[in-house]
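Here's a friendly first look at a protein chain. Take a moment with the picture before reading on.

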Amino acid sequence: MNQTKGFLTIATGKEEYYQIASNLLRSYHMFCKMPLPFAILADRKNEYTEEFDDVILFPEGAANSYLDKLSLGEYLPYDINIFIDADCLAYGDLNQLFDYFEGADDFSCFGRVLPLDDKTGWFEYENIGELKKKVSYVVGLHGGIYYMRKGDICRTVFEDAKRLVPDYAQYKFKGKFDTPGDEPLVALSMAVNGCHPIPFVSEAICCYWEHLEHMTLDFSQGLARVEQEPKYNTILVHWGTRYTRQLEYQKQIALMNIMENASENRQAEIVKCKKQYDGLMAAAKRRIFMKRVKNKIKRMIGLK
């Protein structure tokens, strides 16, 4: 029997989150010749959800936080699913992500399987109390992508992660989250349930905030390149919600709009768009520099 497979993202709360989810979907269609179904898990229907192949609504509302991702196991639309954070943009054919996870556990992601004495994962073995007897390795992971086969194992990973929430502080998870973060909870639950991440593939996804000022991004060329050694191209950029509000992301969306319109003057419009945004970003950098200079002068005056 053929198994269904497709992509899934989440948007809840503010309209801007629905907008960036729509941007992810549009970027996927831009670079994929044979698109798979793409679903959205949401707290309401609106003009953005209409763009998706399948819309799944939280039956009792959403938490409007990272914890909404812990409900994924209950609402998987396909037999084989790849979840992608809404604040990502595709720069290549994302269908190849399924190839990377061929043979992976029923629940998986990109990350590392670490020894019990490791201090770099999302949790430390010495801090997990009664769960020690169930854990034989530490997990480091990137939560921008989750690979999920519908079934008991996947559902249990999320159920156990939810059960950890009330004691979040007790486990001394790593990371700076205003509320309990999904990545530390999922990492520990994966270890409890014997699920393993697969080795991280730079060409599959990279985090924009880790390479500020060191990336070449051009949506019109399908180019997302990290310029720090070792240099590489990637097919998916995880921006982080904060950076979707900045000019570089807005430039990429403006280029996507031009590419979608297929105007006879497309190339001229692309050149004009790049020049406009490059000017805006240069001006923004100058303002930041001048502000730092003024603050430094104020501090120097204050010391005298």
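What follows goes from the whole chain down to one helix.

## The big picture

Keep in mind that this is a predicted model. The protein chain is built with six helices and 13 strands. Its radius of gyration is 21 Å, close to the 19 Å that the globule rule gives for 304 residues, so the chain is as compact as a globular protein of that length. If you lay the C-alpha trace along its principal axes, it spans about 65 × 60 × 40 Å.

## Inside and outside

How much of the chain is buried? Of the 304 residues, 49% count as buried. Now take the contacts between residues at least 6 apart in sequence: 73% of them join residues at least 24 apart.

On the outside, the accessible surface comes to about 15700 Å², and 51% of that belongs to carbon and sulfur atoms. As for charge, the chain has 39 positive and 42 negative charges, and the mean positions of the two sets are 11 Å apart.

## A closer look at helix α1

Helix α1 runs over residues 15–31, which makes 17 residues. From first C-alpha to last it reaches 25 Å, close to the 24 Å expected at 1.5 Å a residue.

Which residues of α1 are buried? They are Y18, I20, A21, S22, N23, L24, L25, R26, S27 and Y28. And what do these buried residues pack against? Their partners are the strands β1 (5–11), β2 (38–42), β4 (80–84), β5 (88–90) and β13 (236–238), plus the helix α5 (247–261).

Key:
Residues numbered from 1 in each chain as written. Predicted model: local features only at pLDDT ≥ 70, side-chain atom pairs only at ≥ 80, totals over all residues. Heavy atoms only, no water. Helix = DSSP H or I, 4+ residues; strand = E, 2+ residues; numbered from the N terminus. Expected span 1.5 Å × (residues − 1). Buried < 20%, exposed > 50% of the residue type's maximum accessible area, 1.4 Å probe, protein only. Contact = heavy atoms within 4.5 Å. Rg over C-alpha atoms; globule rule 2.2 N^0.38 Å. Areas by Shrake-Rupley, 256 points an atom, 1.4 Å probe, with all protein chains shown as cover. Lys, Arg positive; Asp, Glu negative; His and termini not counted. Charge placed at Lys NZ, Arg CZ, Asp CG, Glu CD.
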